[in-house]
Amino acid sequence: MSTIFSQIVEGEIPARIVYEDEATAAFLDANPLSPGHTLVVPKAEYEQLDDVPADVAADLYDTIHRLVPVVEEAVDADGTTVAFNNGEAAGQEVPHVHCHIVPRFEGDGGGPIHSMFGQRPDLDDDELDDIAADIESRA
Ligand code: AMP
């Protein structure tokens, strides 16, 4: 079964498509967090970011890069929160990679992404060194 975003890309269900090229599409979020809230997707279905091949990732970033200033201009935003909910644990509901471009306005009360987290972990220098070394060795 194809994802709801594939159905949009295929024109099987309606959406307010704002941009499309060979590899990517962008449309307004049906339940916007702010005016202009836009989703950018690869046309092909990939569930999570690490499933996306490098060439498609480059195309996806190109579209995000193109659309961020355009969306900001269109709704006269002061900034944007640009984010992926990557995986169910991170709140991803639609299993088709998508980037949220959420216009932000002075005083909108939304806060930075840091505000999603309550208590922060208390990591000492050794733990931070271990984590950094582990990530570096896999990168
Ligand atoms: P996420 O939690 O990151 O998976 O976000 C999924 C997003 O898709 C939500 O912001 C929904 O409002 C949006 N959404 C779900 N169905 C549609 C649809 N048919 N057209 C446009 N946006 C949708």
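1. By class, the shell around the ligand holds 8 nonpolar, 6 polar and 2 charged residues. Here Ala, Val, Leu, Ile, Met, Phe, Trp, Tyr, Cys and Pro count as nonpolar, Asp, Glu, Lys and Arg as charged, and the others, Gly among them, as polar.

2. The model is predicted, and local features need pLDDT of at least 70, side-chain atom pairs pLDDT 80 or more, while totals for chains, interfaces and linings use all residues. Residues are numbered from 1 along each chain as its sequence is written, and side-chain values use heavy atoms, without hydrogens and water.

3. Of the 16 residues around the ligand (a heavy atom within 4 Å of it), D29, E93, V94, H98 and H100 come nearest.

4. Ligand oxygen atoms take part in polar contacts (pairs of N or O atoms within 3.5 Å). One such atom is 2.7 Å from a polar backbone atom of E93. A polar side-chain atom of N85 lies 2.9 Å from a ligand oxygen, and for a side-chain N or O atom of H100 the distance to a ligand oxygen is 2.8 Å.

5. Taken alone, the ligand exposes 510 Å², and the protein buries 83% of that (Shrake-Rupley method, 1.4 Å probe).

6. α1 gives the largest share of the shell around the ligand, 3 residues. The elements that give two or more residues to this shell are α1 (4-9) and β2 (24-28); helices (H or I, at least four residues) and strands (E, at least two) are DSSP runs, numbered from the N terminus.

Terms used: A polar contact is a pair of N or O atoms within 3.5 Å; within protein, one must be able to donate a hydrogen and the other to accept it, and residues adjacent in sequence count only if both atoms are side-chain atoms.
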